[in-house]
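Subject: Structure for your review

Dear colleague,

Please find below the structure that I am handing over to you. I would be grateful if you could read the notes beneath it with the model open.

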Amino acid sequence: MTAEKDTEQSTAPTPKALSVAKAFVADHGGSARAVVENIGRAGARVVLIGEDGRLGDVMVTSPAVGEALVEAVDGLTLNEWDAETTAALKIGAAHRRKMAGPRAN
């Protein structure tokens with residue numbers, strides 16, 4: 001029973017992560033797609049794509065925590081980087097310059 005409780009606690013998203021994801025969903029149309037990306041020892045990145053096509057993210061400690069975050073937030077659905085999810089993105093010129101870094105200047 002203790003191991004089960006430890007597992008539940010280790011996959012529970014932090015209140016801050018929940019707050020950020022809930023605010024993103026509320027601010028970008030009431031629903032959003034989420035793609036959980038494993039980034040190794042650093043944990044996982046939960047990429048958020050709002051109904052309006054805006055992009056956001058939340059960093060968590062593991063892919064399991066990312067999936068638990070998606071389950072805990074109303075209006076958030078787990079997706080993969082498929083054609084439909086990619087097409088839902090609307091990346092503007094300012095974001096493209098930011099992603100390009102110093103080469104964009």
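The notes that follow cover the sheet, the helix that packs on it, and the salt bridges. Please bear in mind throughout that this is a predicted model.

The sheet

The model contains an open sheet of 4 strands, arranged in the order S3-S2-S1-S4 with mixed pairing. The edges are taken by S3 (55–60) and S4 (76–78); each has a single partner strand, so one side of each is left without a neighbour in the sheet. From one strand to the next, the twist averages 30°.

Strand S1 (residues 32–38) is joined to S4 by 3 bridges, and these two strands run parallel. Within this pairing, Arg33 stands opposite Thr77 in S4. S1 is also joined to S2, here by 7 bridges and in an antiparallel direction. Ala34 and Leu48 in S2 stand opposite each other. The connection between S1 and S2 is a hairpin with 5 residues between the strands, and Gly40 in the turn has a positive phi of about 80°.

S2 and S3 likewise run antiparallel, joined by 6 bridges. In this pairing, Val46 faces its opposite residue, Val58 in S3. A hairpin with 4 residues between the strands connects S2 and S3, and Gly53 in its turn has a positive phi of about 90°. As for exposure, S2 is mostly covered, with 6 of its 7 residues buried.

The helix on the sheet

Which strands does helix H3 touch? Helix H3 (residues 63–72) packs on the sheet and touches S1, S2 (44–50), S3 and S4. The direction of H3 makes about 170° with that of S1.

The buried residues of H3 are Val65, Gly66, Leu69 and Val70. These residues cover an arc of only 145° around the axis, and they therefore lie on the same side of H3.

The salt bridges

How many salt bridges does the model contain? The count comes to 3.

One of them is formed by the side chains of Arg33 and Glu84, with an N to O distance of 3.1 Å. This pair links distant parts of the chain, since Arg33 belongs to strand S1 and Glu84 to helix H4 (residues 83–88), 51 residues apart. Glu84 has a relative accessibility of 54% and therefore counts as exposed. Arg33 is thus a residue to view in two settings: it stands opposite Thr77 in S4, and its side chain meets that of Glu84.

Arg45 takes part in the remaining salt bridges. Its side chain meets that of Glu37 at 3.7 Å, N to O, and that of Asp57 at 2.8 Å, N to O. The pair of Asp57 and Arg45 links distant parts of the chain, with Asp57 in strand S3 and Arg45 in strand S2, 12 residues apart. Salt bridges that share partners thus join Glu37, Arg45 and Asp57 into one network.

Are the members of this network buried, partly exposed or exposed? Glu37 counts as partly exposed, at 23% relative accessibility. Arg45 counts as partly exposed at 28%, and Asp57 counts as partly exposed at 37%.

Yours sincerely,

A colleague

Key
Residues are numbered from 1 along each chain as its sequence is written. This is a predicted model: local features need pLDDT of at least 70, side-chain atom pairs count only at pLDDT 80 or more; totals for chains, interfaces and linings use all residues. Side-chain values use heavy atoms; hydrogens and water are left out. Two strands pair if DSSP finds at least two bridges between them. Axes are lines fitted to C-alpha atoms, for helices over the stretch in contact, and angles run from 0 to 180 degrees between N-to-C directions. Contact means heavy atoms within 4.5 Å. Buried means under 20% relative accessible area, exposed over 50%, partly exposed in between (1.4 Å probe, protein chains only). The arc is that of the directions from the helix axis to the C-beta atoms. A salt bridge is a side-chain nitrogen of Lys or Arg within 4 Å of a carboxyl oxygen of Asp or Glu.
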